[in-house]
Amino acid sequence: MTATVDLTPYSGVDPDASWAEEIRALAKERDAVLLAHNYQLPEIQDIADHTGDSLALSRIAAESDASTIVFCGVHFMAETAKILGPEKTVLIPDVRAGCSLADSITGADLRAWKAEHPGAVVVSYVNTTAEVKAETDICCTSSNAVDVVRSIPADQDVLFAPDQFLGAHVKRETGRENLYIWAGECHVHAGINGPELAERAAANPDADLFIHPECGCATSALYLAGEGTVPADKVKILSTGDMVTQARSTKARSVLVATEIGMLHQLRRAAPEIEFKAVNDRASCRYMKMITPAALLRSLREGRDEVHVDPEIAARARGAVRRMIEIGKPGGGE
Ligand code: SF4
């Protein structure tokens with residue numbers, strides 16, 4: 001029998017002014033920079049020094065002068081920060097904050113898959129463990145996945161892991177037959193489906209549709225656009241970083257958003273005059289929401305939970321992550 005991990009978040013702390021003051025003072029004392037992913041709770045996004053997607057935050061973590069990084073996000077993101085800055089102390093406010101997509105492939109799975117395709121180039125989405133990154137040639141984000149695959153000679157096989165929806169998007173964009181896709185998925189994104197999208201789009205005919213390519217609906221959104229069910233010029237397949245950029249420039253007064261609902265906070269901040277609505281209000285990542293005000297306070301008070309990556313694994317993973325950063329345009333990733 002597998003032991004079940006208790007995922008009850010730390011609670012009992014209000015994110016009021018005295019909390020904010022203590023967080024800022026403790027961060028200063030620890031020489032810490034606070035990074036928050038776009039899917040974090042609004043109060044965590046608001047207190048952070050930087051908010052963004054995984055690629056933007058990886059870049060900031062790599063370039064920061066701070067000796068401590070407090071990563072308000074999920075575990076693989078904090079691991080990536082440690083891979084890029086092994087000399088820094090990296091804290092995650094709750095080490096139990098995992099990721100169902102990262103869990104969908106292990107290092108052993110990937111080694112076995114590589115053995116079936118000798119000579120193939122491995123491209124892994126950034127939502128993977130350090131061990132999987134160590135087996136990877138190039139990491140990618142949703143915004144640079146297509147460019148990464150295009151950078152590989154056409155006659156070389158490519159193994160793409162772990163997200164099947166992002167893989168399908170890349171295969172369609174590149175038209176590449178020798179791209180093999182791992183059948184992994186994120187339970188949150190997979191829960192946003194085509195019929196729901198079609199229904200919401202029909203009820204909001206003037207709205208733009210911002211869709212993250214990991215959503216189960218990305219394929220069907222393009223299909224619906226092709227069918228004329230959803231006007232093609234309304235459908236925008238965007239990374240979370242690109243969503244913020246697009247929000248600032250769109251002429252639409254209303255936007256339907258297909259990704260984790262934490263994203264709505266950043267979009268409303270970027271363009272308060274636009275009405276942003278979730279395609280699926282239930283698309284909330286419980287792991288992301290484990291970084292509560294209580295967890296962040298505990299983290300800064302007690303210096304927990306520290307993230308460690310085996311130095312040998314980190315050294316092997318670093319090249320793949322660096323290539324992702326070089327090929328990625330700013331503001332990309334989940
Ligand atoms: S939303 Fe999905 S992919 Fe993102 S951290 Fe949560 S489980 Fe992982």
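This report walks through a predicted model, starting at the ligand and moving outward to the backbone and the helices.

## Around the ligand

Let's begin with the ligand and its surroundings. Thirteen is the size of the shell: of the 13 residues around the ligand, the nearest are Cys-99, Leu-101, Cys-186, Val-188 and Cys-285. By character, the shell holds eight nonpolar, three polar and two charged residues.

Three of those nearest residues also turn up in a record. The unreviewed UniProt entry carries a "binding site" annotation on Cys-99, Cys-186 and Cys-285. These positions are spread over 187 residues of sequence, yet they cluster in space, with a largest C-alpha distance of 9.4 Å.

Where does Cys-99 lie? Its place is the loop between strand E4 (89-91) and helix H5 (107-116). Cys-99 counts as buried because 22 other C-beta atoms lie within 10 Å, and the cut-off for that label is 20 or more. Leaving out residues up to four places away in sequence, Cys-99 touches Val-74, His-75, Phe-76, Asn-127 and Tyr-287.

Cys-285 also sits in a loop, the one between E12 and H14. With 24 other C-beta atoms within 10 Å, Cys-285 is buried. Apart from neighbours within four places in sequence, Cys-285 is in contact with Tyr-39, Val-188 and Glu-260. Val-188 is itself one of the residues that come nearest to the ligand.

## A further set of annotated positions

The unreviewed UniProt entry gives "binding site" for another list: His-37, Ser-54, Tyr-125, Val-126, Asn-127, Ser-142, His-212, Pro-213, Glu-214 and Thr-240. Asn-127 has already appeared above, as a contact of Cys-99.

Tyr-125 belongs to strand E5 (residues 121-125). Is Tyr-125 buried or exposed? Tyr-125 is buried, because 31 other C-beta atoms lie within 10 Å. The residues Tyr-125 touches, not counting those up to four places away in sequence, are Cys-140, Pro-162, Asp-163 and Leu-166. Val-126 lies in the loop between E5 and helix H6 (130-134), and Val-126 is buried as well, with 28 C-beta neighbours inside 10 Å.

Thr-240, another name from that UniProt list, takes us to helix H12. The buried residues of H12 (residues 240-249) are Thr-240, Gly-241, Asp-242, Met-243, Val-244 and Ala-247. Their packing partners are strand E2 (50-52), helix H3 (54-63), strand E9 (208-211) and H13.

## Strands E11 and E12

Helix H13 has a second part to play in this account. Strand E11 (residues 254-258) pairs with strand E12 (residues 275-278) in the parallel sense, over four bridges. One of the bridge pairs joins Ser-254 to Glu-275 in E12. Between the two strands the chain passes through H13 (residues 263-270), and this β-α-β crossover is right-handed.

## Backbone points worth a look

Most residues other than glycine have a negative phi, and most peptide bonds are trans. Against that background, the model offers a few spots to check on your screen.

One cis peptide bond joins Ala-161 and Pro-162, with omega about -10°. Pro-162 is in the loop between strand E7 (158-161) and helix H8 (164-174), and Pro-162 is also among the contacts of Tyr-125. A cis peptide bond also joins Arg-304 and Asp-305, again with omega about -10°. Asp-305 lies in the loop between helix H14 (293-302) and helix H15 (311-327).

Asp-31 has a positive phi, near 55°, although it is not glycine. Asp-31 lies in the loop between helix H1 (17-29) and strand E1 (32-37). Asp-31 counts as exposed because it has 12 C-beta neighbours inside 10 Å, and the label applies at 12 or fewer.

## Two alanines in helices

Ala-108 is in helix H5 and counts as exposed, with 11 C-beta neighbours inside 10 Å. Ala-168 is in helix H8 and counts as partly exposed, with 17 C-beta neighbours inside 10 Å. Beyond four places in sequence, Ala-168 is in contact with Ile-181 and Thr-219.

Each alanine can be paired with a remote residue, as the table shows.

| Pair | Separation in sequence | C-alpha distance |
|---|---|---|
| Ala-108 and Arg-200 | 92 residues | 41 Å |
| Ala-168 and Glu-306 | 138 residues | 36 Å |

Conventions: Residues numbered from 1 in each chain as written. Predicted model: local features only at pLDDT ≥ 70, side-chain atom pairs only at ≥ 80, totals over all residues. Near = placed C-beta within 6 Å. Nonpolar A, V, L, I, M, F, W, Y, C, P; charged D, E, K, R; others polar. Pairing = 2+ DSSP bridges. Right-handed = clockwise from strand over helix to strand, strands pointing away. UniProt positions renumbered as here; feature names shortened; annotations may be inferred. Contact = placed C-beta atoms within 7 Å.
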